Amino acid sequence: MKRRQLLFALGLSTSLALSAIAGCSSPQANGGEGSSKKLTAVTSADYPPFEFFETERGKGKPIGFDVDVANYIAGQLGYKLEIVDMDFNGIIPALQSNRSNFAMAGMTVTEERKQSIDFSDPYHTVRNALVIKKGSGIKNFEDLAGKKVGAQLGSTQEKVAKNQAAKIQKLTVESRNKVPEIIQEIKIGNFAAGVMPISVAKGFISNNPDLEVVLIPNQEALSIAIAFPKGSELVPEFNKVIQEMKRNGKMDELTKKWFEDYYANQGSITK
Ligand code: ARG
């Protein structure tokens, strides 16, 4: 658990500072004529253990499950990889405008997204949870009537919260660019809950003993995949390596490395 405790101490400022830097760079998509084979990936490194900043091991670069998977795939296919951090909400526009070759950001596959971007085969699954103040007794969305709930801007969790708000009396939803901002709002009592995958929530609460996490009841596991600009020729190449990784144990190895209890908690974290 040491690793997780360290990383959340870093919190907001590092990731915000780095997103500012990332905003200034201009990734070159598709490694044009004459350049070495290079790919640029975008992520939102506020999402441990998928992608996050931790000075000790990352030295200013994002680390995590997605980063390892992306590096492995790029390595197998003979590409150099540059990973650029941005707010999650900017990721789909970055792909649509071809400013990035792919995104690895714990992204959920949805039919709606498939209209504007392409997805690889899924490489992971998540289930959503509510992060709450310890002892607040909240168990589900119904308990949040009259309260404010936070979610990441542009995420499927924001959609889930908004759908609930349409049904539940006076439940309001506020969005934030980065997940640690949501955690802060819960800690100061502004949000009664935050919606995020249980694997991400668990990391945050391990360093915040005033918080706890409850799995949202009755939900399907959500597929996580790599996202590409529509029509990208990389999709079949990437899928080939993903399938290889599932066969040769590499995906298992990386899953175990980053999600300590993914397999132990079948039924809560995964399908
Ligand atoms: N799984 C959610 C989605 O696809 C949220 C992903 C957020 N990712 C991140 N790196 N912050 O919308």
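The ligand lies between two domains, because both of them give residues to the shell around it. Domain 1 takes in 14–125 and 224–261, and domain 2 takes in 128–215. I should say at once that this is a predicted model.

Let me stay with the ligand for a moment. It is surrounded by 16 residues. The closest are S44, Y47, A105, T108 and S155. Which elements supply at least two residues of this shell? They are strand 2, strand 6 and helix 6, which is 156–167. Strand 6 gives the most, four residues. Sorted by class, the shell has eight polar, six nonpolar and two charged residues.

Now the chain in general. The protein has 271 residues, and 42% of them count as buried. There are ten helices and 14 strands. Take the contacts with a separation of 6 or more: 75% of them are between residues 24 or more positions apart.

Next, the sheets. One is an open sheet of five strands, in the order 11-10-12-9-13, and its pairing is mixed. Its edge strands are strand 11, at 172–176, and strand 13, at 211–215; each of these pairs on one side only. From one strand to the next, the twist averages 30°. Helix 8 packs on this sheet and touches strand 9 (128–133), strand 12 (193–197) and strand 13. The direction of helix 8 makes about 165° with that of strand 13.

At the strand 11 edge, strand 10, residues 148–152, runs parallel to strand 11, and five bridges join the two. One pair to look at is Q152, whose bridge partner in strand 11 is R176.

Back to helix 8, which covers residues 198–206 and contains K202. Is K202 buried or exposed? K202 counts as buried, because 23 C-beta neighbours fall inside 10 Å, and the cut-off for buried is 20 or more. K202 and V131 are 71 residues apart along the chain, yet their C-alpha atoms are separated by 8.7 Å.

Helix 7, residues 179–187, also has buried positions: V179, P180, E181, I182, I183 and I186. Just after helix 7 comes G189, with a positive phi of about 85°.

The second sheet to show is an open one of three strands, ordered 2-3-4, with antiparallel pairing. Strand 2 and strand 4 (62–63) are at its edges; each has a single partner strand, so one side of each has no neighbour in the sheet. Strand 3 and strand 4 pair over two bridges, in the antiparallel sense. Here F53 stands opposite P62 of strand 4.

The loop between strand 2, at 46–47, and strand 3, at 51–53, holds P49. The peptide bond from P48 to P49 is cis, with omega near 0°.

Then there is strand 14. How many of its eight residues are buried? Seven are, so strand 14 is largely enclosed by the rest of the structure. Let me go through some of its pairings. Strand 6 runs antiparallel to strand 14, with three bridges, and A103 stands opposite A227 in strand 14. Strand 7, residues 117–119, is also antiparallel to strand 14 and is joined to it by three bridges; there D118 stands opposite F228. Strand 8, residues 124–126, is joined to strand 14 by three bridges as well, again antiparallel. In that pairing, V126 has L222 of strand 14 as its bridge partner.

Last, some backbone angles. Most residues other than glycine have a negative phi, and most peptide bonds are trans. Two asparagines are worth a look against that background. N98 is not a glycine, but has a positive phi of about 55°. N98 sits in the loop between helix 4 (91–96) and strand 6 (102–108). With 13 other C-beta atoms within 10 Å, N98 is partly exposed.

N218 is not a glycine either, and its phi is positive, about 50°. Where is N218 found? It is in the loop between strand 13 and strand 14, the latter being 222–229. N218 counts as exposed, because 6 C-beta neighbours lie inside 10 Å, and the cut-off for exposed is 12 or fewer.

To return to the start: the ligand lies between domain 1 and domain 2, and strand 6 gives the most residues to its shell.

Note on methods. Residues are numbered from 1 along each chain as its sequence is written. This is a predicted model: local features need pLDDT of at least 70, side-chain atom pairs count only at pLDDT 80 or more; totals for chains, interfaces and linings use all residues. Two strands pair if DSSP finds at least two bridges between them. Axes are lines fitted to C-alpha atoms, for helices over the stretch in contact, and angles run from 0 to 180 degrees between N-to-C directions. Two residues are in contact if their C-beta atoms, placed from the backbone, lie within 7 Å. A residue is near a molecule or strand if its C-beta atom, placed from the backbone, lies within 6 Å of it. Ala, Val, Leu, Ile, Met, Phe, Trp, Tyr, Cys and Pro count as nonpolar, Asp, Glu, Lys and Arg as charged, and the others, Gly among them, as polar. Domain bounds come from an automatic or database domain assignment.
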